[in-house]
Amino acid sequence: MKIGYLLFAGMLGVMSTGCAVATEEAADAAAANPITTVGKVKIEWQNPDKYRDIRTASELQKRFQQRMFESLTKALDQASSKVMKDKEKLELVVTDVDLAGDLRPTFGKAAVSEIRVVKDIYPPQINFTYRVLDGDQVIMVGSEKLHDLMFMNRIYANDNTTFRYEEGMLKDWFNKTVAPKL
């Protein structure tokens, strides 16, 4: 009887360890793929550590990333809320981002730091898949590889925001691709 009990207890220990590992893996996946939601827009940022260029010159990288995620989600919600009906939602899975400009080192008196140099040879790019839902029904699906070679020649209403080029590119995409079909 004791052997059967010990065997059962050992199996419980193995099963509970397996559950802990599965829970840790789920937590790691959530941390690797942050999700931002604002209004009618939900964006999953898939493996942002592998994105081409979302580096910061002046703040903590994780804080900068979160600020970028929230800013782009909010901008897309502003564009979509004007067109989408009550039960409609827009979901994106972003697979790559390359911010406008390029980080370059500067050599000051105190320390070496970086600054983002924005020139027309460094256009913003965003790759993603998307779907539009009406309740639980999918009404539109697609994938995009956006880049804006003319980003320096556009007039932006909010010219002082950090991610104005990327926000403008997403709003322009929504207004030209999704809005006419709704």
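How many bridges link β1 and strand β2, and in which sense do the two pair? Let's find out, keeping in mind that this is a predicted model.

## The first pair of strands

β1 and β2, the latter covering residues 41-45, pair in the antiparallel sense, and four bridges join them. Within this pairing, Val38 stands opposite Val41 in β2.

## The whole sheet

Now for the wider view. The pair belongs to an open sheet of five strands, arranged in the order β1-β2-β3-β6-β7, with mixed pairing. β1 (35-38) and β7 (137-147) are the edge strands; each has a single partner strand, so one side of each is left without a neighbour in the sheet. Going from one strand to the next, the twist averages 15°.

## Helices on the sheet

Helix α2, made of residues 61-81, lies across four strands: β1, β2, β3 (88-98) and β6 (125-134). Its direction runs at about 150° to β2.

Helix α3, residues 164-178, also packs on the sheet, where it touches β3, β6 and β7. The direction of α3 makes about 45° with that of β6.

## A closer look at Asn47

After β2, a good place to pause is the loop between β2 and α2, where you will find Asn47. This residue has a positive phi of about 50°, although it is not a glycine.

Is Asn47 buried, exposed or partly exposed? Its relative accessibility is 34%, and because buried means under 20% and exposed means over 50%, Asn47 counts as partly exposed.

## Val138 in an edge strand

Val138 sits in strand β7, which is one of the strands at the edges of the sheet. With 38% relative accessibility, Val138 counts as partly exposed.

Which residues does Val138 touch, leaving aside its neighbours within four places in sequence? The contacts are with Arg131, Val132 and Leu133. Another residue to compare it with is Lys89: Val138 and Lys89 are 49 residues apart in sequence, and their C-alpha atoms are 9.5 Å apart in space.

## A nonpolar patch on the surface

Finally, turn to the surface. Val83, Ile139 and Leu182 make a nonpolar patch there of about 200 Å². Val83 comes from the loop between α2 and β3, and its relative accessible area of 33% makes Val83 partly exposed.

Notes
Residues numbered from 1 in each chain as written. Predicted model: local features only at pLDDT ≥ 70, side-chain atom pairs only at ≥ 80, totals over all residues. Heavy atoms only, no water. Pairing = 2+ DSSP bridges. Axes fitted to C-alpha atoms, helices over the stretch in contact; angles between N-to-C directions. Contact = heavy atoms within 4.5 Å. Buried < 20%, exposed > 50% of the residue type's maximum accessible area, 1.4 Å probe, protein only. Patch = residues over 30% accessible without salt bridge, like charges linked within 9 Å, V, L, I, M, F, W, Y side chains within 5 Å. Areas by Shrake-Rupley, 256 points an atom, 1.4 Å probe, with all protein chains shown as cover. Salt bridge = Lys/Arg side-chain N within 4 Å of Asp/Glu carboxyl O.
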